[in-house]
Amino acid sequence: RFGDMVGRSVVMRELFARLAAVAPTDATVLVTGETGTGKELVAEALHENSARKGGPFVVLDCGAIPANLMESETFGHERGAFTGATSARVGSFERANGGTLFLDEIGELPLEMQPKLLRALERREIRRVGGTKMLQVNIRVVAATNRDLAVEVNKGRFREDLFYRLAVAHLAVPALRERRDDIPLLVEHILASLPEGRERGPRPETIELMKKHEWPGNVRELRNVI
């Protein structure tokens, strides 16, 4: 196990070994994998096993924020910066100061925001929307996506320089169908987190059926089934 992740399979042991090597560093990490594989758990494990574990762990979901609010959510804004900005707001970069900023669904980041993010990553300084003062931030950045960013770069939907700035270290989280031998361990792990879960485990024949399923929703789907 590493953090809240468990697995006996070769692919997971390899992932745990890479996590153990990368976590103590301040390297920017790109985590890739299908939906439901546990990319946020990887980010949390990187944070908890780093020198920044006493600092904040801030999540910025790039796929859930409207494009017109993205810059404000990321960098914050000053009072009066735009209609409705009745007070100053601290953005995700500032809130993550001293800790880790997790950029979830980075592949959904609007193209016009990408050069601004690149500049902030390179200089570790930001400017609030409507502000004039540059603010220094001390953060570690972990980004995650279920997209193939190399393909997105070739299609002109993602900046190549930002891709390489994010992928200083690249961790690929395997799909559940690539680690079927982990299913009994995962079932036990999930049951342990549920009320009376240990007394309500599935029969061995049910586990065997689970091993034959494709699990398009990966571990998240498995948890729903349990």
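Two aromatic rings count as a pair here when their centres lie within 6.5 Å, with planes under 30 degrees apart called stacked, over 60 edge-to-face, and the rest tilted. With that in hand, a search of the whole structure, which is a predicted model, turns up four aromatic pairs. Let's start with the rings and work outwards.

**Rings**

One of the pairs joins phenylalanine 75 and phenylalanine 93: the ring centres sit 5.4 Å apart with the planes at 50°, so this pair is tilted. Phenylalanine 75 belongs to helix H3 and phenylalanine 93 to helix H4, so the pair ties together parts that are 18 residues apart in sequence. Another pair, again tilted, is made by phenylalanine 163 and tyrosine 164, at 5.1 Å centre to centre and 55° between the planes.

Here is how the four ring residues fare for accessibility:

| Residue | Relative accessible area | Class |
|---|---|---|
| Phenylalanine 75 | 5% | buried |
| Phenylalanine 93 | 0% | buried |
| Phenylalanine 163 | 16% | buried |
| Tyrosine 164 | 53% | exposed |

Why do phenylalanine 163 and tyrosine 164 end up in opposite classes? The cut-offs settle that: buried means under 20% and exposed means over 50%, so phenylalanine 163 at 16% is buried, while tyrosine 164 at 53% is exposed.

**The core around Phe93**

Phenylalanine 93 is a good place to look inside. Setting aside neighbours within four places in sequence, phenylalanine 93 is in contact with Thr74, Phe75, Leu101, Leu117, Ala120, Leu121, Ile126, Val137 and Ile139. The largest nonpolar core has 30 residues, and Phe93, Leu103 and Ile106 are those with the most contacts inside it. Two or more residues of this core come from each of strand E2 (57–61), H3, E5, H5, E8, helix H6 (149–154) and H7. Which element gives the most? That is H5, with four residues. There is also a second, separate core of 20 residues, and Met12, Val22, Ala23 and Ala43 are among its members.

**Helix H5**

H5 spans residues 114–123, and its buried residues are Gln114, Leu117, Leu118, Ala120 and Leu121. Looking down the axis of H5, these buried residues fall within an arc of 165°, so they line one face of the helix. The background is simple: an α-helix has 3.6 residues a turn, so residues three or four places apart point the same way. Glu122 and Arg123 are exposed on the other side of H5.

What covers the buried residues of H5? The cover includes helix H3 (70–75), helix H4 (92–95), strand E5 (100–104), strand E6 (125–126), strand E8 (140–145) and helix H7 (160–166). Right after H5 comes arginine 124, with a positive phi near 55°.

**The sheet**

Now for the strands. Five of them form an open sheet, ordered E2-E5-E8-E1-E9, with parallel pairing. E2 and E9 stand at the edges with a single partner strand each, so one side of each has no neighbour in the sheet. From one strand to the next, the twist averages 20°. Helix H1 (residues 10–22) packs on this sheet, where H1 touches E1, E8 and E9, and its direction makes about 155° with that of E9.

At the E9 edge, strand E1 (residues 29–32) and E9 run parallel and are joined by four bridges. One partnership to look for is threonine 32 with alanine 172 in E9. E9 itself (residues 169–172) has two faces: Ala169 and Leu171 are on the covered one, His170 and Ala172 on the uncovered one. In a regular strand, side chains alternate between the two faces of the sheet.

Valine 31 sits in strand E1. Is valine 31 buried or exposed? At 0% relative accessibility, valine 31 counts as buried. Beyond residues up to four places away in sequence, valine 31 touches Lys39, Val42, Val142, Ala143, Ala144, Thr145, Leu171 and Val173. Further along the chain, glutamate 178 is 147 residues from valine 31, and their C-alpha atoms are separated by 17 Å.

**Helix H10**

One more helix rounds off the tour. H10 covers residues 218–225, with Asn218, Val219 and Leu222 buried. Seen down the axis of H10, these buried residues fall within an arc of 105°, so they line one face of the helix. They pack against helix H8 (183–192) and helix H9 (204–212).

Notes. Residues numbered from 1 in each chain as written. Predicted model: local features only at pLDDT ≥ 70, side-chain atom pairs only at ≥ 80, totals over all residues. Heavy atoms only, no water. Buried < 20%, exposed > 50% of the residue type's maximum accessible area, 1.4 Å probe, protein only. Arc of directions from axis to C-beta. Contact = heavy atoms within 4.5 Å. Core = buried A, V, L, I, M, F, W, Y, C linked by side-chain atoms within 4.5 Å. Pairing = 2+ DSSP bridges. Axes fitted to C-alpha atoms, helices over the stretch in contact; angles between N-to-C directions. Phe/Tyr/Trp six-rings, centres within 6.5 Å; stacked < 30°, edge-to-face > 60°.
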